[in-house]
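Please read the following briefing alongside the sequence and the model shown below. The points are grouped by topic, beginning with charged side chains and moving on to the strands.

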Amino acid sequence: MSWIDGFVIAVPHANRAQFIEHARTFDSIFLEFGATRVMECWGEDVPDGKLTDFRRAVQAQADEAVVFSWVEWPDKATHDAGMEKFMQDPRMEAASACPFDGKRMIFGGFVPVVSLPD
């Protein structure tokens, strides 16, 4: 069964091009270490909710977009091994020049329960 890492972050609109470059660099490392797919989605229609919403979840400011991302792995074992390699990779040193505030990122690991089409 596949494993999904999900992420939501707030990225300043002014950093969109820098974010895309950053994502292409680091997402390719995920693929190198066993991920099968990576999606980075720039928020275009992210409404305010009455109780909670994506913007509040990451404390997005007016000048920031919400980015919804996920990394798909074949299974949790591949994820665990790949993430261990990822975190030890010397290319990770460049992650400190992140174009968003990583402290406001929300993330988690998920097991799909419905996947269409199949």
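In this predicted model, E44 and R16 form a salt bridge in which the closest N and O atoms are 3.7 Å apart. The pair links distant parts of the chain, since E44 sits in the loop between β2 and α2 (54–57) whereas R16 belongs to helix α1, 28 residues apart. The structure holds seven salt bridges, and those with computed details are taken up below, followed by the sheet and an exposed loop position.

**Salt bridges and their surroundings**

- The two partners of the E44–R16 pair differ in their surroundings: E44 has a relative accessible area of 65%, which is over 50%, and therefore counts as exposed, while R16, at 37% relative accessibility, counts as partly exposed.
- D53 and R56 bring their side chains together in a salt bridge, with a distance of 3.1 Å from N to O.
- Within that pair, D53 is classed as buried because its relative accessibility of 12% falls under 20%, and R56 is partly exposed with a relative accessible area of 42%.
- R104 forms a salt bridge with D101, where the closest N and O atoms are 3.1 Å apart.
- Here the arginine is the buried partner, R104 having a relative accessible area of 15%, whereas D101 is partly exposed with a value of 28%.
- Beyond these pairs, E32, D89 and R91 are joined into one network by salt bridges that share partners.
- As general background, side chains of opposite charge can pair when their charged atoms come close.

**The sheet and its order**

- Four strands make up an open sheet, arranged in the order β2-β3-β1-β4 with antiparallel pairing.
- The edges of this sheet are β2 (37–42) and β4 (106–110), each of which pairs on one side only, and the twist from one strand to the next averages 15°.
- In general, strands of a sheet pair through backbone hydrogen bonds, and the pairing may be either parallel or antiparallel.
- Helix α1 (residues 16–32) lies across β1, β2 and β3, and its direction makes an angle of about 165° with β2.

**Strand β1 and its partners**

- Strand β1 (residues 3–12) and strand β3 (residues 64–73) run antiparallel and are joined by 10 bridges.
- Individual pairings can be followed along these two strands, including W3, whose bridge partner in β3 is W73, and G6, whose bridge partner in β3 is W70.
- Five bridges join β1 to β4, and these strands likewise run antiparallel; one of the residue pairs involved places D5 opposite its bridge partner G109 in β4.
- Strand β1 is mostly covered, with 10 of its 10 residues buried.
- This cover extends to both faces of β1, since W3, D5, F7, I9 and V11 on one side and I4, G6, V8, A10 and P12 on the other are all buried.

**An exposed loop position**

- E93 is located in the loop between α3 (76–88) and β4, and E93 is exposed, with a relative accessible area of 64%.
- Measuring from C-alpha to C-alpha, E93 and F110 are 27 Å apart in space, and the two residues are 17 residues apart in sequence.

Technical notes
Residues numbered from 1 in each chain as written. Predicted model: local features only at pLDDT ≥ 70, side-chain atom pairs only at ≥ 80, totals over all residues. Heavy atoms only, no water. Pairing = 2+ DSSP bridges. Axes fitted to C-alpha atoms, helices over the stretch in contact; angles between N-to-C directions. Contact = heavy atoms within 4.5 Å. Buried < 20%, exposed > 50% of the residue type's maximum accessible area, 1.4 Å probe, protein only. Salt bridge = Lys/Arg side-chain N within 4 Å of Asp/Glu carboxyl O.
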